[in-house]
Amino acid sequence: MSIFDKLKGTIGNAADKVASFTGNTKETIVIQELPESVEQLQALPEAAMDTPFKTAALTVCALCAYGAEPSIGIEMLNFLKGPKPLTNIELSFLKDRFADDHYYIAFSYFDGATPENDYQPSKPYTLTVESDPYSYQNEGYAKLNIRSGGADSPRQVVLRKAGDGKWYLWEQFLMVGIREPKSKNPWA
């Protein structure tokens, strides 16, 4: 018996786990109406948060709510973050990112939202969340991609799986610069 025999099963099981999470997967999430309170967010079927894709989609909804009413958006984001609420640094980041009416960035992730139509999404609100071969590199975490109608490359949302089986928001990299809406672009 080789000293490495005991590792064969372990390596095989780990490889099977990784294989089940590799590749590109897309999930399209459809929201009939954007939630206007944390209770409405919690009533959505995606609030089961049993996949990272659902939590990522709800993150976009919460960011849209923040643009309309920051206190409601914060409540929603804290619900999505589960046992780790927003830190003062994250709150400051959000306040900065939404300054100067940049609320349109959050809406840019929905289908139909482009600079030409001032990021007015199609209804029902639909977005596609994608994984790639690198999405599940760290056990218990998922880094997923969402495309913006105002950017050339997708933006990321990092989710963390808790002991209760739910995927919670860990970090979001959605509120970054995109092309200005036509109405704000003096060159358009």
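## Residue E75 and its surroundings

With a relative accessibility of 43%, E75 counts as partly exposed, a value that, like the others in this report, was computed from a predicted model. E75 lies in helix α4, which runs over residues 70-81. Although E75 and E39 are separated by 36 residues in sequence, their C-alpha atoms are 9.7 Å apart in space.

## Helix α4

The helix α4 is made up of 12 residues, and the distance from its first C-alpha to its last is 16 Å, which is close to the 16 Å expected at 1.5 Å a residue. Within α4, the buried residues are G73, M76, L77, L80 and K81. When the helix is viewed down its axis, these buried residues fall within an arc of 135°, so they line one face of α4.

The packing partners of this buried set are spread over several elements: the buried residues of α4 pack against the helices α2, α3 and α5 (88-97), and also against the strand β5 (167-172). After α4 comes G82, a residue whose phi is positive, near 65°.

## Positive phi outside glycine

Two residues other than glycine also carry a positive phi, M49 with a value near 50° and D118 with a value near 55°. M49 is found in the loop that connects α2 (38-43) with α3 (52-68), whereas D118 is found in the loop between α6 and β2.

The two residues can also be described by their accessibility. M49 has a relative accessible area of 1% and is therefore classed as buried, given that the term applies to values under 20%. D118, in turn, has a relative accessibility of 26% and so counts as partly exposed, since that class covers the range between the buried limit of 20% and the exposed limit of 50%.

## A cis peptide bond before P124

The peptide bond that leads from K123 to P124 is cis, its omega being near 0°. P124 is placed in the loop between α6 (104-107) and β2 (125-131), and D118, with its positive phi near 55°, is likewise found in the loop between α6 and β2. For a reader who is inspecting the backbone of this loop, the points to examine are therefore the cis bond from K123 to P124 and the positive phi of D118, which is partly exposed at 26% relative accessibility.

How values were computed. Residues numbered from 1 in each chain as written. Predicted model: local features only at pLDDT ≥ 70, side-chain atom pairs only at ≥ 80, totals over all residues. Heavy atoms only, no water. Helix = DSSP H or I, 4+ residues; strand = E, 2+ residues; numbered from the N terminus. Buried < 20%, exposed > 50% of the residue type's maximum accessible area, 1.4 Å probe, protein only. Expected span 1.5 Å × (residues − 1). Arc of directions from axis to C-beta. Contact = heavy atoms within 4.5 Å.
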